[in-house]
Number of protein chains: 2
Amino acid sequence: MGGNSVTVLSQLSAKAMKDFIIFIQDFNSFVIRTNTCGELRSAHVGQEVTLYGWIQYQRQGLFLVLRDFQGLTQIILPQDEAHSHVKKLLSNAPVESVVRVTGIVSSRPPGQENPKMPTGDIEVKAETAEILNSCKKLPFEIKDFIKKSEALRMQYRYLDLRSFQLQYNLRLRSHVVMRMREYLCNLHGFVDVETPTLFKRTPGGAKEFLVPSREVGKFYSLPQSPQQFKQLLMVGGLDRYFQVARCYRDEGSRPDRQPEFTQIDIEMSFVDQAGIQRLIEGLLQYCWPEERGPIMTPFPSMTYKEALADYGTDKPDTRFGMKIVDISDFLRRLDIQFVQNALSYPHGTVRAICIPQGVRYLKNKDLESLKESAKSKFNQEIMEIICRPDGSLKSLLTKFLGEKQQSELIQVLNMQVDDVVLLAAGEHKQVCSALGSLRLESADLLEAAGLVLRDPTAFHFLWVVDFPLFLPKEENPNELESAHHPFTAPHPSDTSLLYSDPTKARSQHYDLVLNGSEVGGGSIRIHSAEQQRFVLEKVLKEDSEVLSHLLEALEFGAPPHGGIALGLDRLISLIVDAPSIRDVIAFPKSFRGRDLMGNAPDYVTPEELEPYHIQVSWPLAERGKEKL
Amino acid sequence: MGGNSVTVLSQLSAKAMKDFIIFIQDFNSFVIRTNTCGELRSAHVGQEVTLYGWIQYQRQGLFLVLRDFQGLTQIILPQDEAHSHVKKLLSNAPVESVVRVTGIVSSRPPGQENPKMPTGDIEVKAETAEILNSCKKLPFEIKDFIKKSEALRMQYRYLDLRSFQLQYNLRLRSHVVMRMREYLCNLHGFVDVETPTLFKRTPGGAKEFLVPSREVGKFYSLPQSPQQFKQLLMVGGLDRYFQVARCYRDEGSRPDRQPEFTQIDIEMSFVDQAGIQRLIEGLLQYCWPEERGPIMTPFPSMTYKEALADYGTDKPDTRFGMKIVDISDFLRRLDIQFVQNALSYPHGTVRAICIPQGVRYLKNKDLESLKESAKSKFNQEIMEIICRPDGSLKSLLTKFLGEKQQSELIQVLNMQVDDVVLLAAGEHKQVCSALGSLRLESADLLEAAGLVLRDPTAFHFLWVVDFPLFLPKEENPNELESAHHPFTAPHPSDTSLLYSDPTKARSQHYDLVLNGSEVGGGSIRIHSAEQQRFVLEKVLKEDSEVLSHLLEALEFGAPPHGGIALGLDRLISLIVDAPSIRDVIAFPKSFRGRDLMGNAPDYVTPEELEPYHIQVSWPLAERGKEKL
């Protein structure tokens, strides 16, 4: 590995630069205010200041609280005759009006300091003031933590944006992305390249929005990611590319998905999986907000197989235990019909999770709902085992177990008094998936009942690796589809399997998981035209014609390359602990894909469709609604 | 103005930070190469290095030139028996194949140094090598300055991207944008906010692409700019917003326009015109590439009226003179029919430009083509006056002039021997526009003939201000339309004119012009709901319903605000002196809006249109082309 001395230097300097930059940010440049509303301290006492902001609160002509994006300042209204017009102006202005106030910074009278407010030691004695814009009656109060209907908040998004939480979320997002750019662009020589969003349909691009063109019958497509372009940039010798890329996905109505979203899109030449992983760990460490505590690198890594076996999912939440335990070997010895049945099949297994203190924290209806959930989502029967206060087990299973076997089972499952075990027998993937889902559901139930399992301030990053390259198609299990996308390279040890038994080949795909959510994914790509053609034509049986430009590009000296994309909306929502990605997007769409503020999408006239040579296929019942 | 000490500090620190960042960029992190191909110098002699790159050139099994994004390195092929396989491998690899070479850095033999090459003092003696991907026969040679057809270059864009010039353009673009972000975000507290691109049609949005939604008859629209959103962010108290925003404009086929383009989008609260101007001057000074020389601030400013009168355009190229001269007063005294005719009308004028050395540099056919151009583009007759070597004038005009009047005219026009004057009489705007256009056309002709008028290394920024707020509609001059957009605030001195005689009101719009190209434009916006409603309903007679969300937002305490947008593609193309904005975009569309590499837009099947409830209106002649 070369350039060691440089790397060390850049790590030192990164920290230095961070401090440096925070120091010099100037919020008052180019405007007439002298200070923001969050800035004044005892050191400013005696200064004349000019503040601009919104009236948050006003009391009996005595004082008001002025708010801007940086904080709150208490303004004292003048009570003398000479300033009566100032007092009148300010005490008559409705809440949320925008005003300018000029006055003198004073210490608050002893005992009236507010230690909870950063500006709580001072107040500003108003001398002149101006109402810049008055506010009419609000549809709701602008205070944090007041529950409003989300539809109303979305309709008046510009008012909701005045809340501390949304301001914080958007500023933190901007800050984190800026740090990412510094890391990629300034420290590691990445080039920020913008790629087109008006492109054409990719094979299987059923979720791509279409954009009619002026050429009759021809459509652009809004891509789901810059995947093809970033690979072509590598063929073009750009070496290190990144983009904060707007992506589009038309999934109809789905909760917590947005039709447009943003990913941190990265691609490098001459890199391997470990190289991309170290890059991302460094990136996240560099951009991580200080107030969220440090994160440790390298991140732990787990194979897809381990993740499925231990957590029943490819995105394990490793903040808590309750791992899936394999009790096949223990039960194999016993003559229990349903166990023997399950184990007789290929991939047959018996597994369980142990819910700590389940007897105390879960009600009977909780346990019932867990079992029903496994049945309805995974068609999986669940058997429960309870550890009584005297240490004995209560279960349908116990009649098959001797005393010694009961205590062996307790040991295998590491059960304590009052624990509840959920047991499932059947096909490996189904059993694990069902138990993985129950693990999360019971964690939610335990936490709702007051047992803290997952530290809300903890951030557990995890790499999941060694995914299968292909999966059987759901609609026809004899055909294969890409587990991720057709450009993913096979695992270096499995290259020959690609040609001999592609179902067994692992890929060089890697997912980045944070607290049980997938926040990124990427792969080393195929750079051989022959291999790419084999995958498309022989394995996936797809028409490679639509990708002919990419296949041809691989023939012209394409370098080995790989990359990753981080889901920015999801990542930021986890960092700020927001319940939805809508809380980290300035103007999100509703879960039906609507903009409730501006009313989009909307009807257009037939004349507006004419240049695009399209017409609406109105269902008979809808014809009346057509806007002419 | 507050925060002076901070501002001075941030200016000092900006320079320091620039140097600092350049110093630590590490191109070799996370990969196995030790160095890039542009990096090795005499100081590296004796080191073992590993390089990755493309074979640019190979000669007789003796040496080759390896290229990556950073430069070229000469590789010496081993000639001894023990390394014969390395020699064979490298000398058989086709040009543009990707290889790894490991070897020892050596000084070039005395006399063989290449001072034109940054790595020209050294060469690398190859010890091991690997062909990572072979290149098939190229459709054209990858060398700079070889003229290829642009269609071919666009089809093989990934090969064209390997050229020095495109690599330089894209890297410089990335670098400039990163500096802009540092300036806005890190130095001045701006928040980078992403706004939606799936929105709805704005009034008069005939150039907006439509995106069919899954709701029958309803369409999203791809906005031409984030204008509404940035204003709503100000209402939401974001205070300082910026975004490197993707914008869309469907203009059909237009040369040097792209259906998607990028603007640096900025908005601030509590700011005036001067504040935005100082911000932009500081921004450009901060991001300006050092190799293009310093730029001076503040930029000069000119009113729209002056620009039209002196340069015949609202985007004057001030790199050269040839300003328009008003000779109305001089000619008014004379009894010349066409002059008196022109001057008798309202806004009648007689004006001229003087082409220096026109007799020597322009051919007769050049002069004819200039006159024809004025006639065809502006319906404007042009009369020419030539200054003979003896100082006398040759023109149809001279018969009306005595000797004294001739020498007075020479003085008014500042004519020298061999100059050519082009004279136009008629309505002010038509005359000025025609002469402004002739000024640029004759400058092109003079330069083509060898007279350098415009220093190619000069960058002349100019603010054009005090535009009219409204213009008569072309199709119906009795109705008014916004000169820029309906959110532009009136000039502070003309607020009452808005209500009494809106045609006379000037606006607070400002354009930024660089070397005769518009590179930015913005305005202080209307923040009063009442004023905004008056403009929309009473002046523009538009249906304000589609903007009801914006009008309502202004009623809820909207702060005074203003902003600007810089056209990034145009700005970068001027900085790198590229003939087209296509040269600063990684994957541009052709002037017909097509992607020639991937073949977009393309046909889709009727099944793919079904979820969007649209069908293609095939003209009868096209039905055969439908892809089923």
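**Exercise 1.** In this predicted model, determine which residues of α12(A) meet which residues of α14(A), and describe how the two helices cross.

*Solution.* Begin with the residues themselves: on the side of α12(A), the contact is formed by A:Asp366, A:Leu370, A:Ser373, A:Ala374, A:Lys377 and A:Phe378, while α14(A) brings A:Gln430, A:Ser433, A:Ala434, A:Ser437, A:Leu438, A:Glu441, A:Ser442 and A:Leu445. Next, sort these residues by class, which gives six nonpolar, five polar and three charged residues for the contact of α12(A) with α14(A). Then turn to the geometry, where the axes of α12 (residues 364-378) and α14 (residues 428-448), both of chain A, come within 10 Å and cross at roughly 145°. Finally, the hand of the crossing of α12(A) and α14(A) is right-handed.

**Exercise 2.** Work out how α6(B) and α17(B) are oriented to each other, and which residues make the contact between α6(B) and α17(B).

*Solution.* The angle comes at the start: helix α6 (residues 227-235) and helix α17 (residues 548-555), both of chain B, pack at about 25°, and their axes lie 10 Å apart. Angles under 35 degrees count as roughly parallel, and therefore α6(B) and α17(B) are roughly parallel to each other. As for the hand, α6(B) passes α17(B) in a left-handed crossing. The contact itself draws on B:Gln228, B:Gln231, B:Leu232 and B:Val235 from α6(B), together with B:His549, B:Leu550 and B:Ala553 from α17(B). Sorted by class, the contact of α6(B) with α17(B) has four nonpolar residues, three polar residues and no charged ones.

**Exercise 3.** Give the strand order of the open sheet that contains β7(A), β8(A) and β23(B), and explain which strands stand at the edges.

*Solution.* Written in order, the three strands are β7(A)-β8(A)-β23(B), and their pairing is antiparallel. From here the edges follow: β7 (210-212) of chain A and β23 (602-603) of chain B each have a single partner strand, so one side of each is left without a neighbour in the sheet. Looking at one pair in detail, β7(A) is joined by three bridges to β8 (residues 218-221) of chain A, and these strands run antiparallel. Within this pair, A:Leu210 stands opposite A:Ser221 of β8(A).

**Exercise 4.** Find what rotation superposes chain B on chain A, and state how the two copies are related.

*Solution.* Chain B is superposed on chain A by a rotation of 180° with 0.0 Å of shift along its axis, at an RMSD of 0.1 Å. The two copies are thus related as by a two-fold rotation axis. As a last step, consider the contact residues: 100% of those of chain B recur in chain A, and the same surface serves both copies.

Definitions and conventions. Residues are numbered from 1 along each chain as its sequence is written. Chains are lettered from A and ligands numbered from 1 in the order in which they are written. This is a predicted model: local features need pLDDT of at least 70, side-chain atom pairs count only at pLDDT 80 or more; totals for chains, interfaces and linings use all residues. Side-chain values use heavy atoms; hydrogens and water are left out. Axes are lines fitted to C-alpha atoms, for helices over the stretch in contact, and angles run from 0 to 180 degrees between N-to-C directions. Helices (H or I, at least four residues) and strands (E, at least two) are DSSP runs, numbered from the N terminus. Angles under 35 degrees count as roughly parallel, over 145 as roughly antiparallel, 65 to 115 as roughly perpendicular and the rest as oblique. A crossing is left-handed if the near helix is turned anticlockwise from the far one by less than a right angle, and right-handed if clockwise. Contact means heavy atoms within 4.5 Å. Ala, Val, Leu, Ile, Met, Phe, Trp, Tyr, Cys and Pro count as nonpolar, Asp, Glu, Lys and Arg as charged, and the others, Gly among them, as polar. Two strands pair if DSSP finds at least two bridges between them. Copies are superposed by least squares on the C-alpha atoms of residues with pLDDT of at least 70 in both.
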